[in-house]
Each structure stands twice: as C-alpha cells, then as structure tokens.
Amino acid sequence: MKDFCSNVRPCEACLSKQLPCTVSSTSRPPGRPRNRVPVSPGGQPIRENGGSVTDSGIPPVPQPWTPNSSGLEPPLDGPSLMTSIAGIDIPAVRDAAAAEYPAATGLTPPPVMDEWMTSESASDFSIQGPFPGAANISADQICGDDLGNWLDDLNEFSVTDDTWPADSSAFHVESDPSMDSAVEMMAEHLQRRSHTQSPQSREEQKRSWYSAPPQLYVYDEDVVNILLNLSRAHISSTFALFSDFEANRDTRVELCLAMAAVGGLYCTAPAGIKVAKMLFNDSRRLLLEQYLQDDSMPFDPALSFAKTFILLEIYGLCSGDKRAYEFNEVFHGSKLHAVSSCLSALPRDAPLDQRRQAQLLSEAMRVLDSYRVLLLRRPPSFMGETALDPHTLSNMSRFQSLPTGGLIATSSRGGPLDHHPPTATGMDHLVMVICYSWMASPQNTENSTYTPLWRLEFVELALDRWIRTQTTRTETPQRPLEVSQMLLYHLTKVSLHSNLSHLQRLTPAALQAMVSRKDGDDILDSVRAWRNSRHFTIAHWHAKAILGIRMAQEAVAPSYPDPGPSIQAFSPIVSEDKRLNFNYPPAHMKMSKAYRDIRRVDEKSFDYVFEENVSVVLKDGKGIVRCNVYRPKSQSEKYPVLVTYGPYGKDVHYSVFHASSFAEVPEEHHSAHSSWETPDPGFWTRNGYAVVRADERGTGQSPGLLDTMSRGTSEAFFDVIEWAASQPWSSGKVGLLGVSYYAGSQWRVAARQPKGLACIVPWEGMSDYYRDRCRHGGILSNTFISFWWNRQVVTNQYGRPGRAARKWGYDTVEGDLSEEELLANRRDQNEDNAAHRFLDEEYYASKDYDMADIKVPVLSVGNWGGILLHLRGNVEGYLHAGSKYKYLRLITGRHDLPFYSKENVEMQKSFLDAFLKGHDAEGWSTGKAPKVGLVLRKGNVGYNDAEAEKQYPHRYEEEWPIPRTKYTKYFLTADMQLSTNARPSSTAVEMSLVSFQAPGSLKTPQAVRFTTAAFESETEFTGHIVVHLNVSASSLPGKETIPSEIDLFITLRHLDAQGAEIYYTGTVGDPVPVTKGWLRVSLRKVAESHPRHRPWRPHREYRSTDVAPVESGVIYPVDVEVWPTNVVVSEGHRLVLEISSGDTQGAGLFEHNSEVDRPVDLLEGMTNIHFSLEHENWIQLPLIPPM
C-alpha cells in the first residue's frame, strides 16, 4: 500500500484501514482543516494506535498535551516553544543549574549565542542547552508529533469571516442575529473528526459531533465535584469570574459540565483527559441546543451561557484537542454575541452582585482574548479601554466590525500609548496593549520586510509604561502584580520578538518535509537569522522568566534579577528613565528575589534534631513558607507530626514574647525553642512526636502578602500539613495543637481536608471570624484587633527592620523592606474590619467555610472566661463539625496557662496518642470517652488564681446542649426586677419605660440593671442564653438630634449574699462577669429558616440585605444572643441582667468604641425598654435540674 494519498480524494487503502488522509485544499470545504498523516522522524506515517503504516516499529505518537498544576498553560504557546528551544528541561538540569548557574531560575541570556544551533541540516537539527551540563536537544525532542497535529494549518482555518461577514449586524444587540450560517457550517464542515477513530458512517459521525444527546448518566457526582473543585482552584487566579463557582440546583447543566471539563485537564488520574473530553462534548451539545434557540433572555441565564462559552474556549486552548479548537473557532462569533447579550441584559438598577458578575465577565473576556491574540495569532476581538461596558457604549453600538472578524471600539482617548492611571489590578490596560501587539508582530529577522500596522517600538514603550504605572513608588501603595499579569506580560514580550508561524514549522514532520523542499533552507535560514538577532535574546529572556514562575512549584521561588536585554536600542526615550528597563524590581517583587535555601540542621545542641528555616514550596506557584522542624534524634522510627502555622514568629522565644507568662509555665515545657501558644518541642519530642512550627506567609522568614485569617492563609496551611505528612521522618499522620490563633486556624484548614491530617485540638480558638471575633452582634470589636495587630503581628512582618535588635526573632534573610513596601505587602485588619460591615461582603465572605466539611476527630477546648473572643467559637465548632468523633471540654483559668497545666497536657496527649499513634486508653477512637466535660463555676474562689480554681468541681455529659436543660424565662419588670412570673402585676397594665442614654462607653457607662430575688436553693445554669427586649430610640431631652441606630450590650452578673459581685477569670487574668452579648438593632433580622437557628440561639446572617431601618419612637422587638456560660448560684445569691448602650466592666481589651463604626450622630439619644401586656421583656436561662 502507499504511504500518502492523492490531492483529489482519500485513497481506498486509507479508507479501508481507517487512516487519516492528506487531501488538498481544493478538495475540502472552505475552512475545513487538512487531515494529515502523522509522520515519524523516520518518515513513516503513523497510525492512530501508535504503530506505523508499515509496522516498522516507529515509536507511537506522543499523547496529547495535558496541563499540570501550575495553572492555565495553553499548549504550544510562545514560552513553551521558546523554553524548549533554549533546551530547558527542569528535571534534567536543575541540579547542574543550581550548582553552576547563579540561581537556576535566573533570567540572563544564554552566554554563547552563536553556538546555539549546532547543525546546519534539517535532518540532524539540534539545539544547545543554556545551562552547563545540559544536553543538546534534537528536533524531535523540541516538539513531538502531536505538536504538528495541533498546529497544522491553523492559519488556513479562519472561518470567522465566513460565519460573521464584515457587514453583519450580529454583534449589535438591537438586532436579531441569525445563527443559520454557524449551524450550517457545523452541519456541513465539521461532520467528521480530525482523526477518524471508528468505522462510523457519515451520519453517525455527524450525530456524535453535534446531534448526539448528552449521556449525563455516565458521570459520577463525586467525580464531577472533584473536577469542579480542581477547575475553580486552577483558573480562578486568572479568571476571577469562576472564583466563587458553586454547583447547585439552579446551575445550568452545560455550565457545570464545562467547568468540570476544564477541571479534568488538571486531573492526574489516567482517565482524566478522557472524562474531560466527554464532559466538553456534552457541554457544547447542550449549549448549542439551548443557546441557538433563545433569541433573548434575562441577565442570569445569559450570564450562564456566556460563562459556558468562555469555559469551552479555555478547554480548547488548554486541551490540545484539535476538535475543541475548531469548535471555538467556528463559534467565536456566537461567544461574542453571548457576552454582549449578557451585558446588554444587565439592568441599569441591577443589584451589586449582578454588576460585579458583569464586571468579572468583561474582565474574563478580555483576558481570554489576550490569550487568543498571543497563542493563536488571531486578531483581537476587543480593543479600547471600555469595550465591554454596555452602558458607556450604549449596548455596544459603538463597536465596529473588523474585516478580520474582531471588534474595535471607537475611543476618543487615543491608542494604547496614552498614559492612564493604573486600575486596581492593571489587567485592563495590559490586555489593551496586547491587542496592539498582534498588529506589531511577528518578528522575523533584523531585515524583515514585514510591515506591521504598529511599530514594535510603540508597543514596547506601551508595555514599559504599563509596568511603570504598576510599580512606581507613590503615596498610594500599589497592589502586588498577580501571576496572571506577570505571565501575560512576559508572554507578550515573547510574542513581540518571535515569529511563531516559523517556529511552528519546526515539528519533526515539517523538518522531514524540508529535506525535499526547495524553500527548506530558507526557512531554517530565517530561524537562524532570528536566533542571531536581538529579538531572540529578548524573547529567550522573557521565556525563561515564565519558566521561573513555573518552577516556583517545584523549587524555591524564582528570582527576579536584572532584566537582561533592554529595549534601549529601540527608543532613546526609554534610556532616559532606567526604571523602564526593569533595573529595579517592583515594590512587592523585592520579596521575589532568589529565595536561598537557608535550611540549617543541628543534631548536637539540643535533645532533639533542630532543622531551622526549612522551605515548604506552596502549590500553584504561590511562593514558599519557612518553618522550623523539631524531631526526636532516633532515626529508626517515623513520628507523627504536630503542626502550627501562625504570624507570631517561629523564632520569637516565649520568654521574649510574654516574659511573665513564661515564668508561670511548668518547667517541663521550658526549652530553647518554647514559643507563645504552641506546643513546646522539648516536651513533645521526648514523647515521640515531631513538631513543625511555620511562619505564616508575610511574617517571620516567610515571604508573601501578610493577610491573616484569609483564604490564602488556609491554603498555605493546607500545603504545610501535606508537606509534613510526606516527609521521610513522618509517620504520615499530622495533628494540630495550639492556642488562640493557632486554634482558630485549625477549623478552617481542617474543613479543606488536607491529606495526612488525622485530628485537631483547637484550644480556645474562634471558629467564626465575624461573629466570634470582629463584629459582636454586628458591632465592631476594634480595640483588641488594634492591640493584637500592632503588638503581635505587624511587628513580625517579613522584611521589617530591627527585629533582631529588639530580640523579636531574626532579621529577614533576604533583607529589609522599606515602609512603603511593608505597607504594600500587608492587609491591615484594623482597616479591613472598619471598612466592611456585613457577611456578604467579599472580605468576610472569603473567610467563610462549612464546618460540616471537618471530618477528622476534634477535641474542642473552650474557656468559660473567654466571653469576648473564643468561647462561642469552640462551642459552635463542636456543634457543627462533621466529625464522627468530636469532644467538647469547657475549662476555666487564664487564656495562656491552662494549655500547659499537667492535667490538660495529659488530656491532649491522650487524645493525640489515640489518633496519631493508635494508643487509646480513654476510648477517644471508639466513642467511649465522654463527649462533653465541664468545669462548674461554683463558689467564689477569686480570679486569676489557678490553684484556687482547682476547687471547681468537674462533670461529664454525653451531649451539648445538656439534654435535661430546662429553659427558664425571667421577666424584666419596670421596677427593675427579674421575675419568673409571666405577667406583670395588675396595676402595671399601661405602657411604661425604662430608659438610658446612648452611646455609653467603658469610661462612661450608661446602663440599667434588673435583679433577681435571692435564690432559695443552689441553682445551676449551663448553656445558651437569649434576651428578648422591646426597644426604641428617642432624642435626648433638650436636643434635636434624632438617633437612627441602637447598639445593645448585655451582661449577666453574679452577686453574693452581701451584694458584692463575684468575678471570674478573664482572658488576660482580668475580672469578668458571668457572660456577655451584643446586638446592633438595624441587624435584628433572625434567619429562622436557617438550619442553625434554635429557640435557645437565634441565628443571624448579618448580610447587607438584612439591614432594617431604626426610626425614632418605633418599638422594635429583638432577640439578643448571649454567649454560652456556666454559673452555679448559691443559696442567697442573685443574678443581675445589665443592659447598656456601650461597654461596661468586663470588656477589658475588647472594647467597641470605633468612631467610624459607632458615630455619635447615629447613636446619640435615649434607648428605651418598653413594658406592657403586649411588650414582654425576658431573659431565658438554661437551668440544669439536679441529677
């Protein structure tokens, strides 16, 4: 049989053997790409199943390109080709490069340019590696046969003009675009696959491509959910439109399938690519079936269609599947129409969420279009700064159709070289410049006769002006450049200085064909000329920059050195300002200089092996985290690992952080590396555990953005846990143990379910950032945040000068940062919490998680005295964790010391031994251990006296709340009493008021108090409390100001028989009352249908849409959540309910006095409590009957 077919029609031999044929352009429909026979390096055509036509033993065709975990990396892009040509092979050269090249990721041009190409003939064409010791790469290693299949005739397959003629009105929303041409093209020109794989008839092939119904039953829900998570994790940094994607009942099926298809490209399972392709095909079938039938639609369904089109194009760019690429080419116009229809459907009075979605859609389209321009050499679809703003462009009527099938927006502001202030991200201006880069490239040689529409120098200058606006030091700190911006910037440089159409000819099949072609030498000559030009030097440098970003996943973070080749030769203007040459790094990039491996191991100085500053490389190229490792000296065993991750400084000794506290810690927890609120390595290594203590990103020796308690914090913590579980000295089981911040972070990371995590012990750790810590009842708890941030966090920021001089750890290894750089590299919790008020705002919503996702065993330890920070979080975490084995212990004492007491450490060790070592003497792992353990606050033992508090009795229960709880209402009366009588006396039938001034403060409290009668017998109250009030606001006497808000502060106090208050130990050893609660009345709405709502604990969602007006003189019934508590009231003692308009005694460090959050002009007035038969006021207490 013959190896090649004629130029007229496929030969019979190929038809009978189901082989792809080579047919001429004249014998295929317009726009139909030629089906080529894959050719091996030896010249033999290759079958689809891997064997050659003559079965000559030629190796099989490589598998299609698949993406990896580095993020969105379309196949065969400029950087991939460039780095291949440069001979970079990460696994092969990393060791040699690290040893002989100053930083393997250093971006300096290859030192020997004229020796780069080592052969003049096409048959043995090879390329010299850039690093010493790197082997040369032959042509067939540069790009496999699958590369040729993907790139063949892409320039000939331009159907946009056929589908959407230049004079078409399809892009104008006002018209009713006809899809007939697109449908006809699908029916006529895409009826068979690019590579025939089965003996289907023409009609069967047509149905399989377009008409076949989607087979949704074949998908496993769990698999799809995994793929959805993979997709969201990997593309959200580039396409924020999908960062909050959640599949629910309202999500259209085709959108869900498209999202999962993209996720399948990142799946490492063997069948991942196959499943992704099935998902893609079913998604596009559903999409076309629905979309082509709908002429108009409201915003939400239009948004779904637009998202689906975008995801399908992402799949087409990333998968290397030629058919997927062809689909996107044919329906490119439909995608543009879907986006414009969605934006035009946005009402002018649209809610904030819809407007945000429209903005993210516009941004996603522009970024995606940039990749089309750079990777596929397609003309831009959008040009101009506001090309996708439907209202400023009058529903896109200002768009003009380009002959190329793209779109251009008329703009009065000029071209891309005009200087404009940077946007929040800078992405808009960058993609605008990229549009013009298409017209300024490709570059060929120094003497190229190619005449671009824009000169290269102009676009270069625009790029440099863009980078200057992003990095110039100004009074307003710039946000760090995102990875997506960095990649696009470098990729644009590669594209400007490369002729990708020539590089695409360097496939094995193309090189083989050059042997018999007259112009073969001309093609190679043009490539050699380009290699010897300054364009190669610049393109090569930027390609290595992209590789440096890529290598951050596998090694320490990439360097950001001198820029190598500048563009001074192109423009004398540039040389006048060295900042344009990248001779200094951007402010945030100073942290991205080469992170040295500064790990140091000490096996002699301590009773344990001490590994200092071990680098943990974060996933998705997000930098590194440095940690200290403490492990037993014996190497004959593997040890379970206790991990902490926080901002206080792994190298700051406990005795420096809080000297007086450390002096009270038992001696067995004193070591050379004791640290505040973390397990002591000396004690735990003696007991067979390894300890990993990590500096949170942006603190200590860990570079990055300091953004405490954020989603990024949990993601990095997740990576550290999985790293610890995979170390050779690790048993593979990780436990989390720590106090306060080191406890609160456990809830969030456990919900992410990192591999190796076996159990958690959140010791006095909030679980709800908004309700437990920042906004009590919606009111900002500002003074503690300020104290905590300024004393304990920002003092340890990465790059902060003078840390060593203050004995606050060590100075940053990479050097100090300026004050401007420090400011640019942190998110200040003081500012963020003051600026954001509601849970549906992005700041708070980004920190949310589902406690039910926590599956590992939990020992939640709360403190009855933590009435302003952690107590609620420990109880709520226990209630809502999805763990099979979960336990709650409620203790007393100061915040710092009980964690190290002998009896509590024994409890910690017993629990950890059960789940990390399999040694369970207490029944933790079988559920036999008591579920709830309580310290009962009985009697007056004083406060801040650990020995005295040992008098408190203990009791165990099997559930929380305690099942035998009798919720008892004590009614408030106008004569300031608390009574169990349900109705006031018969004489008090008229409306009466009890009033107090607002706003109050800790220094000038404004409050009223209601007191019970003396208890006739000892009575225990343990559990949750609710206070119901009928309140109104009115003006102060003699003043005309009208209050428009009411802040309620609730306190429960305990008086002895003589009327003196009994105080309990607070967080910092201060005297505190029984418990407290808060409510901002404008946020009074209760989510009664929420699954967490209970009669004993009202649930509020604190959303911006929940805000209700507070008008003077109007009575508002409100239920106030008071934090859970325990108190045993002795005979003759009394309880006092205190209601105030501000903080009162017991607030301590946790005041609510922000002038921004509690402005006087909103609160000043009188707060009134109304009493009548219709207006009952009461406190519901959890009475525990005697056993």
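**Group meeting: strands, helices and one proline**

Okay, let's start with strand 21 (residues 1007-1012), which is joined to strand 28 by five bridges, the two running antiparallel. Before I go on: this is a predicted model, where local features need pLDDT of at least 70 and side-chain atom pairs count only at pLDDT 80 or more, while totals for chains, interfaces and linings use all residues. Residues are numbered from 1 along each chain as its sequence is written, and side-chain values use heavy atoms, with hydrogens and water left out.

A word on naming: helices (H or I, at least four residues) and strands (E, at least two) are DSSP runs, numbered from the N terminus. Two strands pair if DSSP finds at least two bridges between them.

Back to strand 28. On the strand 21 side, Ala1007 sits opposite Ser1140. Strand 23 (residues 1047-1055) also pairs with strand 28, again in the antiparallel sense, over seven bridges. There, Ile1050 has Ile1139 as its bridge partner. So is strand 28 enclosed or open? Six of the seven residues in strand 28 (residues 1134-1140) are buried, so it is largely enclosed by the rest of the structure. Buried here means under 20% relative accessible area, with exposed over 50% and partly exposed in between, using a 1.4 Å probe and protein chains only.

Next, Pro1117, which you'll find in strand 27 (residues 1116-1129). Its C-alpha atom is 4.3 Å from that of Asn1030, although the two residues are 87 apart along the chain. If you leave aside neighbours within four places in sequence, Pro1117 is in contact with His1028, Leu1029 and Asn1030. Contact means heavy atoms within 4.5 Å.

Now the open sheet. It has 11 strands in the order 5-6-7-9-8-10-11-14-15-16-17, with mixed pairing. Strand 5 (600-602) and strand 17 (954-957) are the edges; each has a single partner strand, so one side of each has no neighbour in the sheet. On average, neighbouring strands of this sheet are turned by 20° against each other, ignoring direction. For angles, axes are lines fitted to C-alpha atoms, for helices over the stretch in contact, and the values run from 0 to 180 degrees between N-to-C directions.

At the strand 5 edge, three bridges link strand 5 to strand 6 (residues 609-617), running antiparallel. Val601 stands opposite Glu611 there. Elsewhere on this sheet, helix 34 (residues 871-880) lies across strands 11, 14, 15 and 16, at about 160° to strand 15.

Last stop, two helix pairs. Helix 10 (residues 253-264) packs on helix 12 (residues 299-319) at about 25°, with axes 9 Å apart. That makes helix 10 and helix 12 roughly parallel, therefore; angles under 35 degrees count as roughly parallel, over 145 as roughly antiparallel, 65 to 115 as roughly perpendicular and the rest as oblique. The residues of this contact divide into 10 nonpolar, two polar and two charged. Ala, Val, Leu, Ile, Met, Phe, Trp, Tyr, Cys and Pro count as nonpolar, Asp, Glu, Lys and Arg as charged, and the others, Gly among them, as polar.

And helix 15 (residues 352-376) with helix 18 (residues 483-496)? The angle is about 25° and the axes are 10 Å apart. In that contact, Val367, Ser370, Tyr371, Leu374 and Leu375 of helix 15 meet Leu488, Leu491, Thr492 and Ser495 of helix 18. They divide into six nonpolar, three polar and no charged.
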